Amino acid sequence: MLRATLAVTILAGIFVLGGCAADRDVPPEQPAFYLSMAHGGAKLDAAVAASMISGYRKNNGLGAVEVDPVLMQAAEAQSQVMASRNKLDHNVTGPLGKRIKAVGYDAKVAVENVSAGYHTLAEAFSGWRDSPPHKANMLNGGVTKLGIAASYAPNTKYKVFWTLILAAPDSK
């Protein structure tokens, strides 16, 4: 009887320790800016993007930007159209000013970065930061809001199409 009880106790201990070892084998959750957008159902975290861009702006002596739902809608539409047409183009459905006005955003200032082929937010941000015109947009001193989107199109050359709209509302 003592042997049976001891055997059960040892087996229970092995299962408990085995569970602990299994917990150690689980990789830590990946930061949102490293999540791949190159698959169906991928969801870009706009708050993380705003934090990343705001940090970059602060390091350059500028104010933060915050997510704007109307600009999010405009960015999503631009990325989806580029993806559906397999075309990287600011004016695929018209100029930025016209597109954001059509969704109800009156801007004092508005700039846009588009790109394609980057699979993660970190890659897209780095590409924009390393491109003088895109960098200038991210460091535009007049902007306070942003909208950002990534659209996945598996049967295209680039797979992921990105749009970043930075703007400031017209307060008239």
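Me: What share of the 172 residues in the protein is buried?

Reply: This is a predicted model: local features need pLDDT of at least 70, side-chain atom pairs count only at pLDDT 80 or more, and totals for chains, interfaces and linings use all residues. Residues are numbered from 1 along each chain as its sequence is written, and side-chain values use heavy atoms, leaving out hydrogens and water. Buried means under 20% relative accessible area, exposed over 50%, and partly exposed in between (1.4 Å probe, protein chains only). Of the 172 residues, the buried share is 35%.

Me: What is the mean pLDDT of the protein, and over which residues is the pLDDT below 50?

Reply: pLDDT is the predictor's confidence in each residue, from 0 to 100. The mean is 86, and 81% of the residues reach 70 or more. One stretch has zero contacts (heavy atoms within 4.5 Å) beyond near neighbours in sequence. There the pLDDT is below 50: residues 1–23.

Me: Which pattern does the protein follow along the sequence?

Reply: Helices (H or I, at least four residues) and strands (E, at least two) are DSSP runs, numbered from the N terminus. The protein has six helices and four strands. Read in order, they give α-α-β-α-α-β-α-α-β-β.

Me: Which strand pairs with β3 in the antiparallel sense?

Reply: Two strands pair if DSSP finds at least two bridges between them. Strand β1 (residues 66–67) joins β3 in the parallel sense over two bridges, with V67 partnered by L146. The antiparallel pairing of β3 runs over eight bridges, and Y152 has V160 as its bridge partner there. That antiparallel partner is β4.

Me: How many of the eight residues of β3 are buried?

Reply: β3 spans residues 145–152 and gives two or more residues to the largest nonpolar core. The strand is mostly covered. Its buried count is seven.

Me: Which element gives the most to the largest nonpolar core?

Reply: A nonpolar core is a set of buried Ala, Val, Leu, Ile, Met, Phe, Trp, Tyr and Cys residues joined through side-chain atoms within 4.5 Å. This one has 22 residues, and M138, L146, I148, W162, L164 and L166 touch the most other members. Elements giving two or more residues are α2 (46–59), α5 (121–129), β3 and β4 (160–169). With six residues, the top contributor is α2.

Me: How many residues are in the second, separate core?

Reply: This core includes L71, A75, I100 and A149. A75 is also among the contacts of I148, along with M72, L121 and W128. The second core has a residue count of nine.

Me: Is R99 buried or exposed?

Reply: R99 sits in helix α4. Not counting residues up to four places away in sequence, R99 touches Q78, H90, T93, G94 and E112. Its relative accessibility is 10%, so R99 counts as buried.

Me: How far is the backbone oxygen of G94 from a polar atom of the R99 side chain?

Reply: A polar contact is a pair of N or O atoms within 3.5 Å; within protein, one must be able to donate a hydrogen and the other to accept it, and residues adjacent in sequence count only if both atoms are side-chain atoms. The R99 side chain reaches the backbone oxygen of H90 at 2.9 Å. For the backbone oxygen of G94, the distance is 2.8 Å.

Me: Is K101 buried or exposed?

Reply: K101 lies in helix α4 (residues 96–102). Its C-alpha atom is 9.3 Å from that of A74, 27 residues apart along the chain. With a relative accessible area of 54%, K101 is exposed.
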